[in-house]
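Trainee: I would like a close look at one part of this protein. Please take the open sheet and then work outward to the loops and strands around it.

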Amino acid sequence: MQGRAPEIRSDLHAVGSFALRFSGGARHRDAFYIEHLSASVYSIIMAEKKFTVLDMLELDLPGYDALQLKCIAGRRGLPRAITVPDINRPGLALSGFYDNFACDRVQLFGRGETAYLAKLHENNQFENIRTIFNYKIPCCIFSYELEPGAEFIRLAEEMCCPILQTPLATMDFSARIIRIFSNIFAPQKSMHGVLVEVYGIGILITGQSGVGKSETALELVERGHRLVADDVVAVRCVNGNSLIGRGENEVVNHHMEIRGLGIINISQLYGVGAVLEQKEINFVIRLEEWNSEKAYDRIGLTQQFETILGVNIPATDIPVRPGRNLPIIIEAAAMNERLKKMGCHSAWEFNQNVLKWIENGKAREAYYGSDDLY
């Protein structure tokens, strides 16, 4: 999506100037400055902006997702908002049946609908077409580079309804646009934490400020793993069961704040191979200060979960105390999670082996002599 509102552009300029003033003038670390800088940038980027037909036209997507759209009529209606992430084939509406007509969806015309339009033009029957345009539909899209008749174009211009065209087949276009809509309209939220990829597993590290999330992630990057986002992670729920995390915006992506060191650029320090644009979240690790009164899991039989946007993600609590090597613990957790996905659960297997050892009498022989009677 291209283009920013003027007020957002000016706010970003103000935030950028503030950042330069902070980096050049202040020799001491001031938490107020850094917290308000982050909050300003993220609140600006996350400002709600409706998705319009013009935005859909301007989507810059790779080949397997490219919609290849062009506008052939109704350009005055390009600012119309698309509010429903779905499409509709208006065959019944063209025949005059409007019950449950999905007028709030993008209307897709294939060969069948275009052939029916041609018949309506031959018979000078345009009332149904006018009725469809009266519903204020977002736009009409013709696949196979099909073109509607002159009266259809005239009515679209009159009603300011955008008419788009794509060379893609109807089925191919349908699959692409639904996939794109599912990403654009996916539920999302911002989370405080660090997202890293460790052995192919997307790990979201959360915890109180100052507990050591960024330092742990930095050591993981040093050990060859990859950083996705630091401090604030934008999480989207795709297809209802998959969480995709990425940085809030490209201005601060792949930068990290290390207390006592300041802001560092991971992609410049460690190379582009040390960063990722986005990653599916497979595991959540919650770092917390060591609490001697809390009973931490020492076996791993009970699986914990954290619910994010309605999706349950495997999670675990890792206590932090001096001397604990958190990066190697997280690496072990990532490898253990991969083993679980492959059907190998170490804790369960260990439990089963212990139970078998007890049941076959070897435990009694190890702890009791022949003179002990029970």
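Mentor: What follows starts with the whole chain, then moves to the sheet, its loops and some other strands.

This is a predicted model. The protein has 374 residues, and 42% of them are buried. It contains 13 helices and 17 strands. About 20,900 Å² is exposed, with carbon and sulfur atoms supplying 52% of that area. Look at the contacts between residues at least 6 apart in sequence: 70% of these join residues at least 24 apart.

Now the sheet. Four strands make it up, in the order β6-β10-β11-β14. The sheet is open, and its pairing is antiparallel. Its edges are β6, residues 188-192, and β14, residues 278-280. Each edge strand pairs on one side only. Ignoring direction, neighbouring strands here are turned by 30 degrees against each other on average.

Go to one edge of the sheet. Strand β11 covers residues 242-247, and three bridges join it to β14. The two strands run antiparallel. To place yourself in this pairing, find I244 in the β11 range. Across from I244 stands E280, in β14. As a general point, side chains in a regular strand alternate between the two faces of the sheet.

Next, the link that leads into β11. The loop between β10, residues 232-238, and β11 holds N239. Its backbone deserves a check. Most residues other than glycine have a negative phi. N239 is not glycine, yet its phi is positive, near 60 degrees. Is N239 buried or exposed? N239 counts as exposed because its relative accessible area is 64%, and the cut-off for exposed is over 50%.

A second asparagine also has a positive phi. N124 has a value near 55 degrees. N124 lies in the loop between two helices, α5 (111-122) and α6 (127-134). With 58% relative accessibility, N124 is therefore classed as exposed.

A third positive phi sits in a hairpin. Strands β16 and β17 form this hairpin, with two residues between them. L309 is in the turn, and its phi is about 55 degrees. The hairpin strands run antiparallel, and five bridges join β16 to β17, residues 311-320. In this pairing E306 stands opposite I313, a residue of β17.

Step back along the chain from the hairpin. The loop between β15 (283-289) and β16 (304-308) contains L301. Together with I299 and W348, L301 makes a nonpolar surface patch of about 310 Å². How does L301 rank for exposure, and why? Its relative accessibility is 32%, so L301 is partly exposed. That class lies between the buried limit of under 20% and the exposed limit of over 50%.

Finish with a buried residue. T206 belongs to strand β8, residues 201-207. T206 counts as buried because its relative accessibility is 9%. Which residues does T206 touch, leaving out those up to four places away in sequence? They are H192, K213, V284, I285, R286 and L287. This brings us back to the sheet, as H192 falls within the range of edge strand β6. V284, I285, R286 and L287 fall within the range of β15.

Terms used. Residues are numbered from 1 along each chain as its sequence is written. This is a predicted model: local features need pLDDT of at least 70, side-chain atom pairs count only at pLDDT 80 or more; totals for chains, interfaces and linings use all residues. Side-chain values use heavy atoms; hydrogens and water are left out. Buried means under 20% relative accessible area, exposed over 50%, partly exposed in between (1.4 Å probe, protein chains only). Contact means heavy atoms within 4.5 Å. Accessible areas come from the Shrake-Rupley method with a 1.4 Å probe; for residues, only the protein chains shown count as cover. Two strands pair if DSSP finds at least two bridges between them. Axes are lines fitted to C-alpha atoms, for helices over the stretch in contact, and angles run from 0 to 180 degrees between N-to-C directions. Patches are made of residues with over 30% relative accessible area and no salt bridge: like charges are joined within 9 Å, nonpolar side chains (Val, Leu, Ile, Met, Phe, Trp, Tyr) within 5 Å. A salt bridge is a side-chain nitrogen of Lys or Arg within 4 Å of a carboxyl oxygen of Asp or Glu.
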